[in-house]
Amino acid sequence: MSRRFFAAFDLSPDQFELSGPEAHHLLRVLRMKTGEQVWLFDGQGHEVLAEILGTEEHGLSAQFKILERRTADNDSAVSLTIATGVPKGDRFSWLVEKLVELGVQRLIPLISKHSIVDPGAGKLDKLRRTIIEASKQCGRTRLMELAEPQSWSACVAQEFPNHSVYIAHPGGESFEWSTLGRENSQPGVRPPLFLVGPEGGFTETEIAQAVHFGARLVRLGTHILRIETAAVAIAALVGLQVKDQ
Ligand code: SAH
């Protein structure tokens with residue numbers, strides 16, 4: 001597969017210019033030259049094959065002409081949202097990268113009672129870059145959405161009504177994951193939202209409230225998992241239910 005680059009702009013004109021971090025990657029890291037071809041994707045399901053017409057090494061930009069277009073929607077058939085407590089340090093960017101690879105549609109950093117890490121705006125911007133890099137590497141054409149951090153009560157009020165809600169909970173039931181893929185292909189079924197707690201877990205009150213609003217408690221094996229292990233296990237169990245098209 002040829003090199004892939006992210007275009008944060010409309011790819012409909014036949015010629016365009018690439019600048020910013022992607023031009024840096026193209027010109028400084030990969031040292032690509034006029035005449036070479038690359039794929040670019042806009043994160044919304046469109047991809048183009050384009051040829052470098054000219055480069056500006058100092059201003060760091062490259063001009064392209066489009067050779068071929070394709071609408072390439074290779075997202076998983078289950079539109080999965082995961083709301084998770086935020087692990088410390090680099091573990092959150094690891095989690096973000098893995099959820100991109102596994103086809104999660106939307107990730108909500110969740111601030112519940114026992115949360116200790118609140119990702120600031122700077123960190124979220126860095127994570128958006130991580131999403132782009134992971135998408136380039138894994139061939140994904142739509143970007144995973146990283147939502148603004150949500151409080152527990154905002155999540156309950158805004159997200160619960162639109163989703164079938166599942167809480168990852170060590171005391172939950174063991175779940176028949178294959179039912180999810182089947183349920184999801186039925187018309188009118190709300191897409192799944194999985195909640196993963198912070199390192200301190202959800203409180204009894206949070207669990208009771210979630211159950212009151214219709215959430216199901218599901219168990220992921222017999223050991224206590226880290227936030228990122230639980231999130232990645234869910235993404236794999238849900239995302240890989242549906243056969244590849
Ligand atoms: N001390 C907490 C564990 C927190 S682990 C407790 O005992 O509840 C962080 C989060 O990962 C949990 O809130 C839960 O959502 C998820 N998790 C960890 N292990 C799990 C398991 N075996 N089954 C389901 N969810 C789990």
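**Close-up views of a predicted model**

**View 1. Arginine charges sit over aromatic rings in this predicted model.** In the first pair, the charged end of Arg 70 lies over the ring of Trp 39, 4.0 Å from the ring centre. In the second, Arg 4 is placed over the face of Phe 41. Here the distance to the ring centre is 4.2 Å.

**View 2. Phe 175 and Trp 177 form an edge-to-face pair.** The model holds 9 aromatic pairs. In the pair shown, the ring centres of Phe 175 and Trp 177 are 4.9 Å apart. Their planes meet at 85 degrees, over the 60 that edge-to-face requires, so the pair falls in that class. Phe 175 has 10% relative accessibility and therefore counts as buried. Trp 177 is also buried, with a relative accessible area of 10%. Both residues belong to one aromatic cluster, together with Tyr 166 and Phe 194.

**View 3. Backbone atoms of the protein approach nitrogen atoms of the ligand.** A backbone N or O atom of His 169 is 3.2 Å from a ligand nitrogen. For Glu 199 the corresponding distance is 3.5 Å. For His 223 it is 2.7 Å. On its own, the ligand has 540 Å² of accessible area, and the protein covers 85% of that.

**View 4. A shell of 16 residues surrounds the ligand.** Those that come nearest are Ala 168, Gly 197, Leu 220, His 223 and Leu 225. By class, the shell comprises 9 nonpolar, 5 polar and 2 charged residues. Strand β10 (164–174) and strand β12 (216–219) each give two or more residues. β10 gives the most, with 3.

Key: Residues numbered from 1 in each chain as written. Predicted model: local features only at pLDDT ≥ 70, side-chain atom pairs only at ≥ 80, totals over all residues. Heavy atoms only, no water. Near = heavy atom within 4 Å. Polar contact = N/O pair within 3.5 Å; in protein donor to acceptor, adjacent residues only side chain to side chain. Areas by Shrake-Rupley, 256 points an atom, 1.4 Å probe, with all protein chains shown as cover. Helix = DSSP H or I, 4+ residues; strand = E, 2+ residues; numbered from the N terminus. Nonpolar A, V, L, I, M, F, W, Y, C, P; charged D, E, K, R; others polar. Phe/Tyr/Trp six-rings, centres within 6.5 Å; stacked < 30°, edge-to-face > 60°. Buried < 20%, exposed > 50% of the residue type's maximum accessible area, 1.4 Å probe, protein only. Lys NZ or Arg CZ within 6 Å of the ring centre and 35° of its normal.
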